[in-house]
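Q: Please take a close look at a single part of this predicted model and describe it in one connected account. I should then like to see how that part sits within the rest of the chain.

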Amino acid sequence: MGPRTALDAGSGDGYFAQRLAAARPGLERLVCFDTGYGPESRTELGIADPRIELCSQLPDERFDLLLALDVLEHVDDDQGFLRTLVDQHLRPGALALLSVPAWDRLSSRHDRRMLHHRSLINISEPPRLDA
């Protein structure tokens, strides 16, 4: 049995959330958090699955699965953000799936246009997480 609830932090257009919901019928609830969401986002993004919720503020609850896919480079305090996600939004024994851009050729003017605060290619001190 997989996770029943998930938080997709920085979910953007909701593409991965929609694919995950389609592939995991046992997933009861998938909360997509992105500061860019507004009242019309669900319609604009074409999200029809009732298990997917959109919110522009982090919900005050814990989840079985955390997704943070190519989002940490957009956050000014990436370690603080990640610590908050783990400490306040994961249930004990939960899973977290994180990704960051990892190719030198991806660190360019594109990063500045995408509002990346830094390249995470060479992390000297990755955050220590004890979840």
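A: In this predicted model, the side chain of Asp-13 reaches the backbone nitrogen of Tyr-15 at a distance of 2.9 Å. Asp-13 is located in the loop between strand 1 and helix 1, strand 1 covering residues 5-9 and helix 1 residues 15-23. With a relative accessibility of 48%, Asp-13 counts as partly exposed, because the partly exposed class ends at 50%.

Beyond this local contact, Asp-13 also meets a part of the chain that is remote in sequence. When residues up to four places away are not counted, Asp-13 touches Gln-18 and Leu-45. Leu-45 stands 32 residues from Asp-13 along the chain, yet their C-alpha atoms are separated by 6.2 Å. Residue 45 closes helix 2, which spans residues 41-45.

The same loop holds Ser-11, between strand 1 and helix 1. Whereas Asp-13 is partly exposed, Ser-11 counts as buried, at 10% relative accessibility. The side chain of Ser-11 makes a polar contact with the side chain of Tyr-37, at 2.7 Å. Tyr-37 also appears among the contacts of Ser-11 outside its neighbours within four places in sequence, together with Cys-32, Phe-33 and Asp-34. Cys-32 and Phe-33 fall within strand 2, which covers residues 29-33.

Tyr-15, whose backbone nitrogen is reached by Asp-13, has a further partner. Arg-19 lies over the face of Tyr-15, at 4.8 Å from the ring centre. As for pairing between aromatic rings, the count for the structure comes to zero.

Helix 2, to which Leu-45 led, may be followed to its other end. Ser-41 is found in helix 2 and is buried, with a relative accessible area of 6%. A polar atom of the Ser-41 side chain lies 2.8 Å from the backbone nitrogen of Gly-38. The arrangement may be set beside that of Asp-13, whose side chain likewise reaches a backbone nitrogen, that of Tyr-15. Leaving aside neighbours within four places in sequence, Ser-41 is in contact with Gly-36 and Leu-54. Leu-54 belongs to strand 3, which runs over residues 52-55.

Strand 3 and strand 2 are in turn joined by charge. Arg-29 forms a salt bridge with Glu-53, the closest N and O atoms being 2.6 Å apart. This pair links distant parts of the chain, with Arg-29 in strand 2 and Glu-53 in strand 3, 24 residues apart. Arg-29 also forms a salt bridge with Glu-61, with 2.4 Å between the closest N and O atoms. Here too the partners come from distant parts of the chain: Glu-61 is in the loop between strand 3 and strand 4, 32 residues from Arg-29. Arg-29, Glu-53 and Glu-61 are thereby linked in a network of salt bridges. Each member counts as partly exposed: Arg-29 at 22%, Glu-53 at 31% and Glu-61 at 27%.

The structure holds six salt bridges, and one of another kind of placement is that between the side chains of Asp-87 and Arg-83, at 3.2 Å from N to O. These two residues are four apart in helix 3, residues 78-89, and so are separated by about one helical turn. Asp-87 is partly exposed at 38%, and Arg-83 is partly exposed at 31%.

The wider chain gives the setting for these details. The protein contains four helices and five strands, which run from the N terminus in the order β-α-β-α-β-β-α-β-α. Of its 131 residues, 34% count as buried. Among contacts between residues at least 6 apart in sequence, 67% join residues at least 24 apart; the approach of Asp-13 to Leu-45, 32 residues away, may be read alongside that figure.

A word on confidence is needed. The mean pLDDT of the protein is 84, and 77% of its residues reach 70 or more. Over residues 120-124, however, the pLDDT is below 50, although this stretch has nine contacts in the model beyond near neighbours in sequence. Where pLDDT is low, the predicted coordinates should not be read in detail.

Technical notes:
Residues numbered from 1 in each chain as written. Predicted model: local features only at pLDDT ≥ 70, side-chain atom pairs only at ≥ 80, totals over all residues. Heavy atoms only, no water. Buried < 20%, exposed > 50% of the residue type's maximum accessible area, 1.4 Å probe, protein only. Polar contact = N/O pair within 3.5 Å; in protein donor to acceptor, adjacent residues only side chain to side chain. Contact = heavy atoms within 4.5 Å. Phe/Tyr/Trp six-rings, centres within 6.5 Å; stacked < 30°, edge-to-face > 60°. Lys NZ or Arg CZ within 6 Å of the ring centre and 35° of its normal. Salt bridge = Lys/Arg side-chain N within 4 Å of Asp/Glu carboxyl O. pLDDT = per-residue confidence, 0-100.
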